[in-house]
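Please read this briefing alongside the sequence and the model. It covers helix packing, a strand pair and two loop residues.

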Amino acid sequence: MKSEVNDLKYESINLEEICDTALNKWKSLPDSIKNDPCFMDFQRKFNENAANSEQNKQQSFKIIQYSKTIGLSLIWILITCYLLIKEEKVLKHELHTIGADSTYKLILPYESDKHTVRFWIEGYFGVGLDENTTNVCKDCLEFNFFGDYLEFVPNNWTLTTINFTGIIARPLLTKKFIDIFVAHNNKNNENASIEIFIENSMKIDFPFKFSYDLDIENPTYSIILAAFVLIFLYGLIIWEVVHRTFASVLSSALAIACLAIVNDRPTMKEIINWIDFETIMLLFCMMIITGILTETGVFNYLAVFVYRHTKGNIWALIHSLCILTTVISAFLDNVTTTLLISPVTITLCETMELDPVPVLMMIVIHANIGGTTTPVGDPPNVIITSNPHVVQGGVSFMTFTKFMGMGVFLCVISTAFYIRVMYRNVEKLKKNCMVSQNDKLVHEWEEALKTLGSSDNEAVLKGIIQEKISQLTSSTMEPETFELKLKKMEQMYPIKDKPLLYKACAVLIFVISLFLIESVPEIQRLSLSWCALLGLLLLLIISNKDDMDIILSKVEWPTLLFFASMFIIMEIVDRLGLIKLIGDITKDLILSVPTAYQLSLAIIIILWVSGIVSAFIDSIPVTAMMVKVVVSIAQNKTLGLPLPPLIWALAFGPCLGGNGTLVGASANVICAGLAQQRGYQIRFIEFLKLGFPVMLVTLSVTTMYLVLLYL
């Protein structure tokens, strides 16, 4: 076996006989050959030469460290200065109530020299962010702006409200804003004002909170700052200057400073409100439930089960896991699916001596693809299908699933084909260690021998390799059979705690059932986070677990902090106007093409813009903005474009675009955190090399699917 080979004896040679040519040739050999004991003298020679340059390397490393410290310190000084100089902006809020079928008038004095006025309104508005859609609006407020020097087209702003007929399960206060541009054509008029007429079309009184800001900076300047924040964030993550969690925290502080630069520094209460605690709580609860399940040994047991039924075949194993992930994530959200499948994947890879990193990346990519299938599989789909105009356009749960399902099937096929091509050399999937099979060793050493020439300088190196090949050929190394490995796995990975397993599985079934039940809007009473929290509380009660230190140790805290920081960054990027700019450019591109090609080009533009942007910017604000663009385009009577194909394009874009980068989707970050807990690191560049091409392939496939479907 391997120990027999490692115990072979080799004669020592004089270091002076090893010339630089032979040493350089030795350094070019594969690690599995270069680190063999027979090359111990070459290693000594190399270490001797390296010792002379070690001091220079350390000096270079110190320079890099000092440069990083100085650079980040300058960013800290910038953040600190602006937060000390600029005060928090506290706007004046006004509470109003508009009577049923009546109009309310607001008069605001305008004494600022800025060119933009921003209005906020908070109330019980629909989650679809619907604006300027009076032709289909039954329950809405319409705002009309008038003034001596306003430049605003259109001059009205319509917001859809919650339908107050029947029982309201969970009325949510939502906050929306609009920017009005001022021309300053009448500076001498000291009594100039802005008049706002608010019309209530409902049969009931409607309360709301109104606020405004007359001190908004140039939008172009704000957009440049937003782009700078994103470039800074991705620069830190791509080049691994610091850990991604610290990168997101530092970038969120920089983003807040950028708001201070444009005189829009938020209060701490506002910043806290930007964090989506629904998502944080869902992840927190599911992490603990998954951690308790891990204690039972069920994930290792499932790994043995999969290994048994795939007969140890690598590709059968990978495709089985990918298909299972795709199906589960269609009905559960992709984050929960990743939390459940990742532990099984890591155990299987360790058993089969595979590198878990590429397999985990394949799993999370399929989780994002599978989440595209249904309205509940991914948060962007929830935003799209909850829009009242999308519902009125005939997009139901079944209709959505039918059209998206075929596209997802094509994406899975094309992704499987691409992965097989990329990893056609299955050795890339194996761990970077010495292979135990004798024929593999002989082949590697023979390939190394072929790289040597006939020069006398390489004679010593050549002789050592030939002697090694001779020894390996004469040795006998029997490969471990599938049956033997399976038997060992069954002995190593039994169920450790069956009572706890039964309790945890019962709770998991309860939570998943609640997820599915609460996905039906008509009977929805609980959010996903409440479902997970109720399940966690039940599990802690029936399992008699009360050691909070052990329970909380199962939580991946850096991942939760990363999400909280990203929520803040994306809210500020939206507030600085970058996402709105992307939506406006998309709309202008669609309107600029000839009428005959507008539907096909609209599908392509919406799909690719939302997809590529979602790879770098969180998909939720992108989807929230793009759904407004899609609805307004579909309601443009001049264009006459149908709504459903635009909705399919918008649904595919953000979900598939999340595969583009490590931070493109929440499931990606969760997977990276779970891998790090087990000692494996998924690097940004490594994920980019696999995920971005897959994103391009799947976007191309869905483009052809939608264009051909609506020819």
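Helix 11 and helix 27 are roughly parallel to each other, because angles under 35 degrees count as roughly parallel (over 145 as roughly antiparallel, 65 to 115 as roughly perpendicular and the rest as oblique). This is a predicted model, in which local features need pLDDT of at least 70 and side-chain atom pairs count only at pLDDT 80 or more, while totals for chains, interfaces and linings use all residues. Residues are numbered from 1 along each chain as its sequence is written, and side-chain values use heavy atoms, with hydrogens and water left out.

**Helix 11 and helix 27**

- The axes of helix 11 (residues 334-351) and helix 27 (residues 666-677) cross at roughly 30° and come within 9 Å; axes are lines fitted to C-alpha atoms, for helices over the stretch in contact, and angles run from 0 to 180 degrees between N-to-C directions.
- Helices (H or I, at least four residues) and strands (E, at least two) are DSSP runs, numbered from the N terminus.
- The crossing of helix 11 and helix 27 is right-handed, that is, the near helix is turned clockwise from the far one by less than a right angle (anticlockwise would be left-handed).
- In the contact (heavy atoms within 4.5 Å), helix 11 contributes residues including Val-335, Leu-339 and Ile-346, and helix 27 residues including Ala-667, Ile-670 and Leu-674.
- The residues of this contact of helix 11 with helix 27 are eight nonpolar, four polar and no charged; Ala, Val, Leu, Ile, Met, Phe, Trp, Tyr, Cys and Pro count as nonpolar, Asp, Glu, Lys and Arg as charged, and the others, Gly among them, as polar.

**Helix 24 and helix 26**

- Helix 24 (residues 598-616) packs against helix 26 (residues 643-657) at about 20°, with the axes 7 Å apart.
- Helix 24 is therefore roughly parallel to helix 26.
- Their contact divides into 12 nonpolar, five polar and no charged residues.

**Strand 2 and strand 8**

- Strand 2 (residues 103-109) and strand 8 run antiparallel and are joined by seven bridges; two strands pair if DSSP finds at least two bridges between them.
- Pro-109 stands opposite Ser-193 in strand 8.

**Two loop residues with positive phi**

- Asp-101, in the loop between strand 1 (93-98) and strand 2, has a positive phi of about 50° although it is not a glycine.
- Asp-101 counts as partly exposed at 46% relative accessibility (buried is under 20% relative accessible area, exposed over 50%, partly exposed in between, with a 1.4 Å probe and protein chains only).
- Glu-240 lies in the loop between helix 5 (219-238) and helix 6 (244-261), and its phi is positive, near 50°.
- Glu-240 is partly exposed, with a relative accessible area of 34%.
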